[in-house]
Amino acid sequence: MRLSPIRNGILAGVFAFVSLSGAWALQALAATASDVQAAYLFNFVRYVEWPDAAFKSPTAPVRICVLGESGFVDVASATINGKSVGERRVVVESTANVPSSSGCHILFVDRSRRQDESEVLSSFARSSVLTVAESDDFAERGGVANFVFVEDQVRFVINKKAADAAGLKISSRLLRIAQVVE
C-alpha cells in the first residue's frame, strides 16, 4: 500500500513526537496538564546539553527546581524522581525563593509565583539554568522556555537566543516540536 506524501508527513510527525517523548506520549491523552508539563521537563533533561561547569562532577544529578505552591512539585517528583539520563540521576525539589535556586539546572516557575518571573529573568539571564514558566510570554521576555496551551494541549515555546546565552545546547529533535522565538 502506497501512502500519499501528506499522510507520510503526518505519520512521520507522529512517529517523531512519540519517539522523542517516549511511552508517556501515549498516556498524555488522558493526563493532566501538570503530568504533561512534568514529562516535558524530563525530556528537556534528555535533549538539552549543559556546560560541564554546570555540574560539580561527571555524575552529579540534574536538579529540577520548582518555584511555586501549586502542588506541581509533587506531580513532577512522582513523574521524574528515580529516573536517570546517562550517568546522571534527575531530582525534583521545591525551592522557596529565587536566591535559593542557585545550583538548579532547570528552574520551573509555576503560575502561583508569576510575580517572581522578572527576578528569575534578571538573576539567571546568563547562567546555565534552563528557566521555564507557565506564562505565555516568558520566553519572549528572555526565559529559555514556557508552556502554552494550543487547542487544549500543552505545548512549549523555546527562546533560542536565551538558551545560547545560558550556554545550553538544545537538540534539533526538541526544537522541531517547539515553537521557537528569537
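In this predicted model, the torsion about the S-S bond that joins C65 and C104 comes out at about -90°, so the disulfide is left-handed. The two cysteines sit in distant parts of the chain, 39 residues apart: C65 belongs to strand 2 (residues 62-67), while C104 lies in the loop between strand 4 (88-95) and strand 5 (106-109). Their sulfur atoms are 1.9 Å apart, and the count for the model is 1 disulfide. Both ends of this link are tucked away. C65 has a relative accessible area of 1%, so it falls under the 20% limit and counts as buried. C104, at 4%, is buried too.

Strand 2 also takes part in an open sheet. Here 8 strands line up in the order 3-4-2-5-6-7-8-10, with mixed pairing. Strand 3 (84-85) and strand 10 (179-181) stand at the edges; each has a single partner strand, so one side of each has no neighbour in the sheet. In general, the strands of a sheet pair through backbone hydrogen bonds, and they can do this parallel or antiparallel. Strand 7 (residues 145-150) and strand 8 (residues 153-159) run antiparallel, joined by 6 bridges. To pick out one of these residues, A145 has I158 in strand 8 as its bridge partner.

Helices pack on this sheet as well. Helix 3 (residues 33-47) touches strand 2, strand 3, strand 4, strand 5, strand 6 (130-133), strand 7 and strand 8, and its direction makes about 35° with that of strand 8. Helix 4 (residues 72-80) lies across strand 2, strand 4 and strand 5, and it runs at about 170° to strand 4.

Note on methods. Residues are numbered from 1 along each chain as its sequence is written. This is a predicted model: local features need pLDDT of at least 70, side-chain atom pairs count only at pLDDT 80 or more; totals for chains, interfaces and linings use all residues. Side-chain values use heavy atoms; hydrogens and water are left out. A disulfide is a pair of cysteine sulfur atoms within 2.5 Å. Helices (H or I, at least four residues) and strands (E, at least two) are DSSP runs, numbered from the N terminus. Buried means under 20% relative accessible area, exposed over 50%, partly exposed in between (1.4 Å probe, protein chains only). Two strands pair if DSSP finds at least two bridges between them. Contact means heavy atoms within 4.5 Å. Axes are lines fitted to C-alpha atoms, for helices over the stretch in contact, and angles run from 0 to 180 degrees between N-to-C directions.
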